[in-house]
Amino acid sequence: MIDNFDTPHKIGKATVYNVTPVRGGDAYLFVYDDVTFLYDSGFGFSSKKLYENIVSVLGDRGLDYVLLTHSHYDHAFGSAYLSVAFPDCKIVGFEYAARVMLKEGARATMTRLDEAARVLNGFEEPYQYVESLHIDIPVTDGQVLKLGSNECVVVSLPGHTRDSVSYYFPDEKLMLGCETVGLFAKEGIVLPAFLVGYELTMSSIEKCSQYDVDFYMVPHQGMLEGDAVKSFIQASRTSHEASAKLIIDDFKAGKEIEEIVEDFSAIYYPEDIRNVYPPDAYSENVHIQIPTILKENGLIE
């Protein structure tokens, strides 16, 4: 189980800092000699604290980029405030996310969920920057993105969302992962995070496994190194397959949805992961995942 690796941490030419303001809205700052960027931007309600954490590292130096893995509020909402606080900062995200984040319905959903998380975490000030939410640099699968003198490859990995992407830095053999591949639940077990498609997710896991990776960032949880990377990808593959089998077998055995949720949760939702996925958010997700599996296997319409 990862629990946010110790930082600052040197990876190739980069020094990585954990600047997370509140768990569940995790963000990591990458500092190179000639460029700085943030990996995801967390919640909106905690973005001022995130800004303070960034400034405590950078001082008078600016933030150049924010790399978003997808458009969910706990990953992307804080970018709106950062684009105001750092006027020269460019927000990067998948082209589909760029369209999603301008939709009033998506913004309303992000605001509603962010407000619930604000209350849960005891922050006083509601988020006021939703109108600043945008992406400056919409990217596509396979695009090579220049960040200062560094290059990364955009890797589209749909499954958690349609706009889920990872960023691969070949010089460091570093992959900044996305939730499509899942999160650690416990040793050898990965929590499946697919929401828009199981088979889509399995294809993305296979695609991810084709990259030569020495360092892999698991969203919310920290960095894997060396052999732990391949072990995580394999655990993701087997956990997704096993979770699908569990759902199908339970359904064929006549179990109700809530009974299937209980069986699924006993394996994939242990206590350690609840600071990443609070029960309400987890429940909302798993009630999407179960019908998704059943529909893709022709068991329900």
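**Sheet architecture and charge pairing in the predicted model**

Strands S14 and S15 run antiparallel and are joined by four bridges. The structure described here is a predicted model. Within this pair, Met217 stands opposite Met223 in S15. The two strands form a hairpin with three residues between them, and His220 adopts a positive phi near 75 degrees there. Helix H7, comprising residues 227-252, lies across S14 and S15 and runs at about 110 degrees to S15.

The S14-S15 pair belongs to an open sheet of six strands, arranged in the order S8-S9-S10-S11-S14-S15 with mixed pairing. Strand S8 (144-147) and strand S15 (222-225) occupy the edges; each has a single partner strand, so one side of each is left without a neighbour in the sheet. On average, neighbouring strands of this sheet are turned by 25 degrees against each other, direction ignored. In general, the strands of a sheet pair through backbone hydrogen bonds, in either a parallel or an antiparallel sense.

The parallel sense is found between strand S11 (residues 174-176) and strand S14 (residues 215-218), which pair over three bridges. Met175 stands opposite Tyr216 in S14. On the other side of the order, S10 and S11 run antiparallel and are joined by three bridges, with Tyr168 standing opposite Met175 in S11. Met175 is thus placed opposite Tyr216 of S14 as well as opposite Tyr168. S10 and S11 also form a hairpin, with four residues between them, and Lys173 in the turn has a positive phi of about 55 degrees. Strand S9 (residues 150-156) pairs with S10 in the antiparallel sense over four bridges; in this pairing, Tyr167 of S10 is the bridge partner of Val154.

Strand S10 (residues 165-169) is largely enclosed by the rest of the structure, because five of its five residues are buried. In a regular strand, side chains alternate between the two faces of the sheet. For S10, Val165, Tyr167 and Phe169 point one way, whereas Ser166 and Tyr168 point the other way, and all are buried.

A buried acidic residue is found in helix H2 (residues 73-76), where Asp74 lies. Asp74 has no salt bridge despite being buried, and the nearest side chain of opposite charge, that of Arg23, is 11 Å away. Leaving aside residues up to four places away in sequence, Asp74 touches Gly24, Gly25, Gly42, Phe43, Glu179 and His220. Among these contacts, His220 is the residue that takes a positive phi in the hairpin of S14 and S15.

Side chains of opposite charge can pair when their charged atoms come close. The model contains 13 salt bridges. In one of them, Arg107 pairs with Glu131, with the closest N and O atoms 3.4 Å apart. Arg107 lies in helix H5 (residues 104-121) and Glu131 in the loop between H5 and strand S7 (137-139), so this pair ties together parts that are 24 residues apart in sequence. The accessibilities of the two partners fall into opposite classes: Arg107 counts as buried, at 7% relative accessibility, while Glu131 is exposed, with a relative accessible area of 61%.

A further salt bridge is formed by Asp141 and Lys207, whose closest N and O atoms are 3.0 Å apart. Because Asp141 lies in the loop between S7 and S8 and Lys207 in helix H6 (residues 198-209), the pair ties together parts that are 66 residues apart in sequence. Asp141 counts as partly exposed at 42% relative accessibility, and Lys207 is likewise partly exposed, with a relative accessible area of 27%.

The side chains of Lys255 and Asp250 also meet in a salt bridge, at 3.8 Å from N to O. Here Lys255 is partly exposed, with a relative accessible area of 31%, whereas Asp250 is buried, with a relative accessible area of 10%. Asp250, Lys255 and Asp263 are joined into one network by salt bridges that share partners.

Technical notes
Residues numbered from 1 in each chain as written. Predicted model: local features only at pLDDT ≥ 70, side-chain atom pairs only at ≥ 80, totals over all residues. Heavy atoms only, no water. Pairing = 2+ DSSP bridges. Axes fitted to C-alpha atoms, helices over the stretch in contact; angles between N-to-C directions. Contact = heavy atoms within 4.5 Å. Buried < 20%, exposed > 50% of the residue type's maximum accessible area, 1.4 Å probe, protein only. Lys, Arg positive; Asp, Glu negative; His and termini not counted. Salt bridge = Lys/Arg side-chain N within 4 Å of Asp/Glu carboxyl O.
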